[in-house]
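Consider the salt bridges of the structure shown here, and where their partners lie relative to the surface.

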Amino acid sequence: MGTSRFAILSALLALVLHFSLTMSDPVHDSFLQCLSHLSAPSPPISGVFYTPTNSSYAYVLESYIQNLRFMSSTTPKPQFIVAPSHVSHVQATIICCKIHVLQLRIRSGGHDYDGLSYVSDVPFAVLDMFNLRAVSVDTENEWAWVQSGATIGELYYGIAEKSNVHGFPAGACPTVGVGGHFSGGGYGNMMRKYGLSVDHVLDAQIVDANGRILDRESMGEDLFWAIRGGGGASFGVIVAWKIRLVPVPETVTVFRVEKTLEQGALDLLHRWQYVADKIHEDLFIRVVILPVNWKDHKTIKAKFVSLFLGNSERLLALMNESFPELGINKNNCIEMSWVESIVYWMDYDKGTSISVLLDRTPQSRKCLKKKSDYVQVPISKTDLEGILNTMMELQRPTLALIPYGGRMGEISESETPFPHRGGNIYKIQYSVAWKEESMEAADHYLNMIRGIYDYMTPYVSKSPRCSYLNYRDVDLGVNQNGNVSYEEASIWGTKYFKNNFDRLVQVKSRVDPDNFFRYEQSIPSVANRNYVIAE
């Protein structure tokens with residue numbers, strides 16, 4: 001009843017404002033007047049409204065730009081930033097952007113690798129969710145509500161404050177915002193045990209294109225399905241998530257072992273492909289491969305980093321049985337709590353306070369580019385050697401290999417929009433980072449990562465060559481200012497979503513037929529167009 005009244009009121013006020021705002025009014029005054037009319041009087045929205053003339057504008061904008069490629073003087077800037085502290089601020093911003101014909105970008109943590117949550121080539125505003133970051137944990141019922149502006153580090157900390165035997169399967173980078181992480185799928189070190197973050201979402205609160213506040217019951221199962229891996233910013237503004245906590249042991253074990261080519265890295269990488277997705281689901285072994293200078297020549301370093309949900313004695317028994325070649329012994333193993341393992345994976349020393357999880361910005365920021373792939377057949381040792389030689393020639397790109405198997409292979413591709421489940425041995429994240437600010441430097445490093453990505457074509461998934469939505473990659477294709485045909489969008493859409501793309505388009509066309517929520521890789525609406533989508 002409340003959302004219906006809001007919709008009627010907002011429509012009436014929109015008409016009044018549309019005809020009452022005069023051309024002589026400054027644009028930002030008009031926008032603020034609209035926001036004030038349509039939001040709750042307390043807390044006042046004026047206190048979280050920023051324009052380029054506001055002294056806090058640059059600080060607010062830049063605080064959550066995690067990729068310095070998009071902090072240059074030539075990067076398009078929003079006309080306004082609204083940092084809502086109340087759900088009515090979200091409702092008002094949506095309606096006022098419609099009235100003022102502004103595109104809306106939604107930012108929760110700023111880790112969108114290609115900057116799409118805070119950059120646009122058309123006039124736009126940013127809805128920055130950092131003020132909406134409450135975490136409420138109920139260990140008795142084993143669930144939590146977390147707002148989209150919280151970081152996953154803040155979520156982990158909130159859980160650890162209440163329990164040392166509960167956790168949540170999400171990412172290893174604690175500064176990532178919950179809103180984007182969950183809506184794109186969300187994976188982490190417990191994915192082989194428990195699957196993705198979205199596999200444990202019980203409910204959500206979303207504001208749709210009409211300014212209505214919806215929960216799971218009122219939004220319906222189709223929209224609830226779509227926002228769990230289909231990219232929430234295509235469908236509305238997700239304000240909060242209800243999640244199911246998972247059990248973790250009081251003691252977990254971690255290890256980190258590094259090997260160069262001279263120390264047998266090639267053989268170990270080849271063997272890892274036959275072990276990592278088949279070993280016990282309590283064990284997660286990620287490998288990071290990077291070119292380095294060693295003594296007087298170039299080589300490759302492979303870093304094997306692990307989380308085991310159990311004690312070191314049980315871990316050693318598993319490793320000796322399944323992967324003795326790595327040579328793990330008791331001296332390599334460190335026992336700690338699950339939440340302490342998150343800090344360990346951040347490269348902090350053992351004993352570092354878990355309060356570092358509350359830091360909302362990374363330890364350092366650089367220019368960067370990421371890409372992704374999925375490997376479904378082990379790569380031969382000869383071909384691996386060719387890959388490593390190419391990496392040494394290129395000098396800079398890094399590859400992270402993320403193992404699948406376990407729970408990931410037990411969930412249907414269509415259970416959520418995230419389709420990359422069974423049949424994958426591991427995922428690859430390609431990374432390149434640099435500090436130089438020139439366009440020439442950017443082109444140089446972008447060509448590097450595109451070079452290794454092209455080289456990998458014969459060894460990864462095909463028809464389509466799949467990618468992970470949360471490793472945003474505009475090289476796959478983009479919508480032109482959000483207006484794109486189904487056929488054009490399916491070029492990149494099937495890479496992220498495979499056969500789930502069609503259902504996402506159907507949901508989008510029903511809940512946002514006018515395509516208000518749009519960006520370069522948003523799900524297109526085909527409402528009122530003559531397109532036939534396969535059932």
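The paragraphs below go through the salt bridges of this predicted model.

The model contains 28 salt bridges. One of them joins D199 and R421, whose closest N and O atoms are 2.9 Å apart. This pair connects distant parts of the chain, with the two positions 222 residues apart in numbering. D199 sits in the loop between helix 7 (191-194) and strand 8 (201-207), while R421 belongs to the loop between strand 17 (398-403) and strand 18 (426-434). Buried means a relative accessible area under 20%. D199 has 17% and therefore counts as buried; R421, at 0%, is buried as well.

A second pair to look at is K508 and D512, where the closest N and O atoms lie 2.7 Å apart. K508 is buried, its relative accessible area being 0%. Its partner D512 has a relative accessibility of 2%, so D512 is also classed as buried.

The salt bridge of R407 with E410 has its closest N and O atoms 3.2 Å apart. How accessible are these two residues, R407 and E410? R407 is partly exposed, with 32% relative accessibility. For E410 the value is 54%, and because exposed means over 50%, E410 counts as exposed.

Salt bridges also link residues into a network. Its members are R69, D114, K369, K371, R450, D473 and D475. In this network, the basic residues R69, K369, K371 and R450 occur together with the acidic residues D114, D473 and D475.

Terms used:
Residues are numbered from 1 along each chain as its sequence is written. This is a predicted model: local features need pLDDT of at least 70, side-chain atom pairs count only at pLDDT 80 or more; totals for chains, interfaces and linings use all residues. Side-chain values use heavy atoms; hydrogens and water are left out. A salt bridge is a side-chain nitrogen of Lys or Arg within 4 Å of a carboxyl oxygen of Asp or Glu. Helices (H or I, at least four residues) and strands (E, at least two) are DSSP runs, numbered from the N terminus. Buried means under 20% relative accessible area, exposed over 50%, partly exposed in between (1.4 Å probe, protein chains only).
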